[in-house]
Amino acid sequence: MRIRAVLFDIDLTLLDAGGAGRRAMERAMERCWNVLDAASGISFGGRTDPWLIREMMKGRVPETHHTDDAIRTVIETYLELLPLELATSGGARPLPGVRPLLDELEALGVALGLATGNVQRGARIKLQSAGGLERYFHFGGYGDDDANRNVLTARGLQRAQQRVTGLAAHEVALVGDTPHDITAGRSIGAFTVGVATGRSTVAELHAAGADAVLVDLSAPDVLLQRCRRA
C-alpha cells in the first residue's frame, strides 16, 4: 500500500502559534458578548473552532443566543484579532522536521492537505505566519465544514479524492497530535500517525489506536517509507 495523500492537523502538529488562537478567541468573546476569560477550563487540543465557541458560550451567554449566526459573528471577530495575537507571539513557528518533511512529500508527488479544527481562513493565517507553510496545502477539511472532527476529516478525504485519481482511503495518511485526530483518521480508514508534539503523550496516542507514533516529525521514516512504495 502506497500513501498518495497526507492530511495534517495544524496546531502543535505543524506549528506552534504560542497560544495566539486561544487569546484571539477569548478577546472575540469579550468583544462580542462582554465575557472575560471565556476559555478558562476548556481544553483546545483536537477541538474545532465552532465547538470551542459553543463551549465558551455555555453558562455565559443566554442559550437563546447560541445560534449559527452568533457563532459566525464570534468567528469573524476572532479572525480579525488572530493576526494581531500572532504578532504578539512573534509569529507561529514550524515544529521540528516539518518543512523538510513537506518538501520531501511534495517531491514524491504526494498530495498534501489539511484536517484541522481551524476554520479555513484561520488555518491560512496561522500557516502563513509560520514562514509561509500555506503554500504546501491546496485542499482540506476545516472547522467551518463541520464542528464534528470526524465529519470535517471525511470532507478532507473527499477533496483529496477530487484531486487524486482513484484515491482510496487506505492510500491516505492522517497526521495529528491528539487522540481526536487519530479517532477521526481511523473513522475514514486512513493510516494514522500520532506525533507527540502537543499535550498528548506517546502512550496516549498509541492508546487512541494510532498506526504509528512519532516523538516529532524530524524522523518521519515510517511515513516516508509508505509514500515511496511502488
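This is a guided tour of the structure, stop by stop, with something to select each time. Keep in mind that you are looking at a predicted model.

**Stop 1: the sheet**

Start by colouring the strands. You will find 6 of them in an open sheet, in the order β5-β4-β1-β6-β7-β8, and the pairing is parallel. Strands of a sheet pair through backbone hydrogen bonds, either parallel or antiparallel. Now look for the edges: these are β5 and β8 (212-214), each of which pairs on one side only.

**Stop 2: strand β4**

Select residues 111-115, which make up strand β4. How many of its residues are buried? The count is 5 of 5, so the strand is mostly covered, since buried here means under 20% relative accessible area. Show the side chains and see which way they go. Ala111, Gly113 and Ala115 point one way from β4, while Leu112 and Leu114 point the other way.

Next, add the partners of β4. Strand β1 (residues 5-8) runs parallel to β4 and is joined to it by 4 bridges. To see a matching pair, click on Ala5, which stands opposite Ala111 in β4.

Then select strand β5 (residues 140-141), which is also parallel to β4 and is joined to it by 2 bridges. Here, Ala115 has Gly141 of β5 as its bridge partner. Follow the chain from β4 to β5 and you will pass through helix α5 (residues 120-129), in a β-α-β crossover that is right-handed.

**Stop 3: two helices side by side**

Keep α5 on screen and add helix α3 (residues 68-88). How do the two axes meet? They come within 10 Å and cross at roughly 5 degrees. Angles under 35 degrees count as roughly parallel, so α3 is roughly parallel to α5. To display the contact, pick Glu76, Tyr78, Leu79, Leu82, Pro83 and Leu86 on α3. On α5, pick Arg121, Gly122, Ile125, Lys126 and Ser129.

**Stop 4: across the sheet to β6 and β7**

Select strand β6 (residues 172-176) and strand β7 (residues 191-195), which pair in the parallel sense over 4 bridges. Leu174 is a good residue to click, as it stands opposite Thr192 in β7. Now switch on helix α7 (residues 179-187), which lies across β6 and β7. Compare its direction with that of β7: the helix runs at about 175 degrees to this strand.

**Stop 5: Thr48**

Zoom in on Thr48, in the loop between α1 (20-33) and α2 (49-57). Is this residue buried or exposed? Thr48 is buried, because its relative accessible area is 2%, and the limit for buried is under 20%. Beyond its neighbours within four places in sequence, Thr48 is in contact with Gly117, Gly143, Asp146, Ala147, Arg149 and Leu152. Look closely at Ala147: its backbone oxygen lies 2.8 Å from a polar atom of the Thr48 side chain. For a longer view, draw a line between the C-alpha atoms of Thr48 and Asp16, which are separated by 17 Å.

**Stop 6: Arg99**

Finish in helix α4 (residues 98-107), where you will find Arg99. Arg99 is partly exposed, because its relative accessible area is 29%, and that class lies between 20% and 50%. Which residues does Arg99 touch, not counting those up to four places away in sequence? Select Pro94, Ala130, Gly131, Leu133 and Tyr136 to see them. Take Leu133 as a last example: it is 34 residues from Arg99 along the chain, and the two C-alpha atoms are separated by 7.8 Å.

Methods: Residues numbered from 1 in each chain as written. Predicted model: local features only at pLDDT ≥ 70, side-chain atom pairs only at ≥ 80, totals over all residues. Heavy atoms only, no water. Buried < 20%, exposed > 50% of the residue type's maximum accessible area, 1.4 Å probe, protein only. Contact = heavy atoms within 4.5 Å. Polar contact = N/O pair within 3.5 Å; in protein donor to acceptor, adjacent residues only side chain to side chain. Pairing = 2+ DSSP bridges. Right-handed = clockwise from strand over helix to strand, strands pointing away. Axes fitted to C-alpha atoms, helices over the stretch in contact; angles between N-to-C directions. Parallel < 35°, antiparallel > 145°, perpendicular 65-115°, else oblique.
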